[in-house]
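Me: Hi! Could you walk me through this structure with a few questions and answers?

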Amino acid sequence: SSTNKRFPADVEKFAPRWKVKNWGGPGMKPGLRAEWMGRKSVLLTHPRSRKTPCILSRKFKVPAGKKTALEFAVTNHPKGDWKLVVRINGQEEISKSIGDSEWQEFRIDLTIHAGKTVTLELENRATGWAFEAGYWSRIELLSE
């Protein structure tokens with residue numbers, strides 16, 4: 001069914017310590033794909049409804065004295081675009097339509113939050129309703 005009970009485990013496997021809420025959608029089964037558009041190990045999310053986005057979230061303690069960034073790559077299903085919203089502590093950092101059917105890389109600098117714990121949220125929002133699958137090829141927190 002579209003409320004895949006194993007999906008939180010798929011998310012954990014794909015991006016350890018990230019949690020998911022509000023997934024579903026019409027016939028686009030959320031979960032791991034062996035590959036999609038040239039990338040291996042891809043996570044497919046889908047919003048629960050027109051109004052309710054699918055959210056990947058994580059609490060993260062940003063290390064002090066280092067440069068830290070959140071990096072990820074996304075694309076869309078050829079038949080539908082979707083809206084990516086990135087929030088840090090509830091504040092919108094990015095709001096972008098994903099609709100070019102090619103991988104887009106994002107990097108968000110978290111250094112300003114050094115030494116603090118932040119809540120990161122990645123939202124897969126519906127634009128119309130049907131093929132609004134978010135395809136994620138990786139989600140990484142990098143410190144140097």
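Reply: Happy to! A residue is called buried when its relative accessible area is under 20%, and exposed when that area is over 50%. Please keep in mind that this is a predicted model.

Me: Which residues of helix α1 are buried?

Reply: Helix α1 covers residues 7–14. With the cut-off of under 20% in hand, the buried residues of this helix are Phe7, Asp10, Val11 and Phe14.

Me: Why do the buried residues of α1 line one face of the helix?

Reply: Look down the axis of α1 and follow where its buried residues point. The face turned away from the buried side carries the exposed residues Ala9 and Lys13. The buried residues line one face because they fall within an arc of 100 degrees.

Me: What is the strand order of the open sheet of five strands?

Reply: The pairing in this open sheet is antiparallel. Its edge strands, β2 and β8, each pair on one side only. On average, neighbouring strands are turned by 35 degrees against each other, direction ignored. The order is β2-β3-β10-β5-β8.

Me: Which residue in β3 stands opposite Trp36?

Reply: Strands β2 and β3 run antiparallel and are joined by five bridges. Trp36 belongs to the stretch 31–36 of β2. The residue opposite Trp36 in β3 is Arg39.

Me: What angle does the direction of α1 make with that of β3?

Reply: The buried residues of α1 pack against several strands, among them β1 and β4. On the sheet, α1 touches β2, β3 and β10. Its direction makes an angle with that of β3 of about 140 degrees.

Terms used
Residues numbered from 1 in each chain as written. Predicted model: local features only at pLDDT ≥ 70, side-chain atom pairs only at ≥ 80, totals over all residues. Heavy atoms only, no water. Buried < 20%, exposed > 50% of the residue type's maximum accessible area, 1.4 Å probe, protein only. Helix = DSSP H or I, 4+ residues; strand = E, 2+ residues; numbered from the N terminus. Arc of directions from axis to C-beta. Contact = heavy atoms within 4.5 Å. Pairing = 2+ DSSP bridges. Axes fitted to C-alpha atoms, helices over the stretch in contact; angles between N-to-C directions.
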